[in-house]
Amino acid sequence: MPYPANYGGAVEEFYKIKALHQLGVKVILHCFVYNKFKENDGLNEFCHKIYYYERKNNMQSFFATQPFIVKSRANKNLLQNLSNDKFPILFEGIHTTAFLNHASLKDRIKIVRLHNVEHLYYYDLYENSNSISKKIFYYSEYTKLKKYEDKLKSATYLLPISISDKQHYTTKFSDKNIHFVPAFHQFSSIETQQGNGRYILLHGNLSIEDNYNFFINNYKYSEEFDIIFAGKEPTQKLKEYCTINNIQLIENPTNIQLFHLIQNAQINLVFSSINTGVKLKLLHCLFVGRFCFANEEFKNHSEFSTFLVGVNENNFNEQLKTYMRKSFSEDEIEQRKMLEVEFNNLKNANTILNLM
């Protein structure tokens, strides 16, 4: 469900739909409603037609041979509706590909947008989780997705979201027509401010431990710094950590709140051990924020490494002190403007349109 666009996958999909609509494409959207993701009028402006489906979040989906994220979206009504016309099909993520190689779709142009190397993503989630139940789920998905990836052979085109992901899929599917298409996002120009911010910010999905593990494992409390964590669904562990370490926690900020938090920060923190796909929150920081810190492992695998300050367990706290005193310059803002060329939504939507 690409609306509201308040997390990475939804942002990517929503602004892709919007860009295709601007190019004159009549978008027929098929999406799933479950939990808090409900039918929403916010998509009507950009879609010619919308179909909604229930996702099967049950034990039968978990114990299936297909990955849970795929099996739970294998809705027969979806297949029927896809079979009713001859238009090209854009599958958003491997989790939507249950019918990719179905006989009724064999003559269609089928494009799969790859948000990351999914099985590697789930393995990293498995390694970085402290919850036994989550570890079981993540490892199960990792093993199933690794095998399931072969199904992508049935696609006409594969569209990886990052250069490193393109290398993975080119190696695995050397005969496939693979096109790198950068991530879609909400910005048309760099909106970073010169000068100094007032605090250090870590934002993201705070239910995912990988987003904050590096910080809590390496930060040494200092009264010098004002630190804010902002994001959705923080874990109880994180809430307790913020209380003990005098860190302000903003739960479930609005998009407008988050924009101002990022823009007014002196340092934005983006930590991860997951090196597939693209973190949309990193693009948010680079288009809007000042200095951006990343753990060295993540920085070294990122196509944005030029714009990142790499830190490790030995220098993290000293780097915080150093960069809190620095002023973000006009020259640094000008350097970031090269991102406006590569991450141009209309240009990248036109690449997809030409494939169709």
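In which hand does H10 pass H11 at their crossing? The close-ups below come from a predicted model, and the H10 and H11 view comes first.

**Close-up A. Helices H10 and H11 pack at an angle of about 60°.** H10 spans residues 255-264, and H11 spans residues 280-288. Their axes lie 9 Å apart. An angle of about 60° falls short of the 65 to 115 degrees that counts as roughly perpendicular. H10 is therefore oblique to H11. The crossing is right-handed. From H10, Leu258, Phe259, Ile262 and Gln263 take part in the contact. They meet His284, Cys285 and Val288 of H11. By class, five of the contact residues are nonpolar and two are polar. No charged residues take part.

**Close-up B. Helices H5 and H6 cross at roughly 160°.** H5 covers residues 118-128, and H6 covers residues 132-148. Their axes come within 8 Å. Angles over 145 degrees count as roughly antiparallel, so H5 and H6 are roughly antiparallel to each other. Their crossing is left-handed. H5 brings Glu118, His119, Tyr122, Tyr123, Leu125, Tyr126 and Glu127 to the contact. H6 brings Lys135, Phe137, Tyr138, Tyr139, Glu141, Tyr142, Leu145 and Lys146. The contact of H5 with H6 holds nine nonpolar, one polar and five charged residues.

**Close-up C. The largest cavity encloses about 60 Å³ of space.** The count comes to one cavity of 30 Å³ or more. Its lining includes Leu125, Asn128, Ser129, Lys134 and Tyr138. Ser207, Ile208, Glu209 and Asp210 also line the cavity. H5 and H6 are the elements that give two or more residues to this lining. Leu125 and Tyr138 belong to the lining, and both also take part in the contact of H5 with H6. The lining divides into three nonpolar, three polar and three charged residues.

**Close-up D. The second largest pocket holds about 250 Å³ of space.** The pocket is lined by 14 residues. His185, Gln186, Phe187, Ser188 and Asn345 lie nearest its centre. Helix H1 (8-22) and helix H16 (345-355) each supply at least two lining residues. H1 gives the most, with four residues. In the lining, six residues are nonpolar, six are polar and two are charged.

Conventions. Residues numbered from 1 in each chain as written. Predicted model: local features only at pLDDT ≥ 70, side-chain atom pairs only at ≥ 80, totals over all residues. Heavy atoms only, no water. Axes fitted to C-alpha atoms, helices over the stretch in contact; angles between N-to-C directions. Parallel < 35°, antiparallel > 145°, perpendicular 65-115°, else oblique. Left-handed = near helix turned anticlockwise from the far one by under 90°. Contact = heavy atoms within 4.5 Å. Nonpolar A, V, L, I, M, F, W, Y, C, P; charged D, E, K, R; others polar. 1 Å grid on protein atoms, 1.4 Å probe; cavity = no way out; pocket = protein on both sides within 12 Å on 5 of 7 lines; lining within 4 Å. Points joined across faces, edges and corners; volume = space filled by probe spheres on them.
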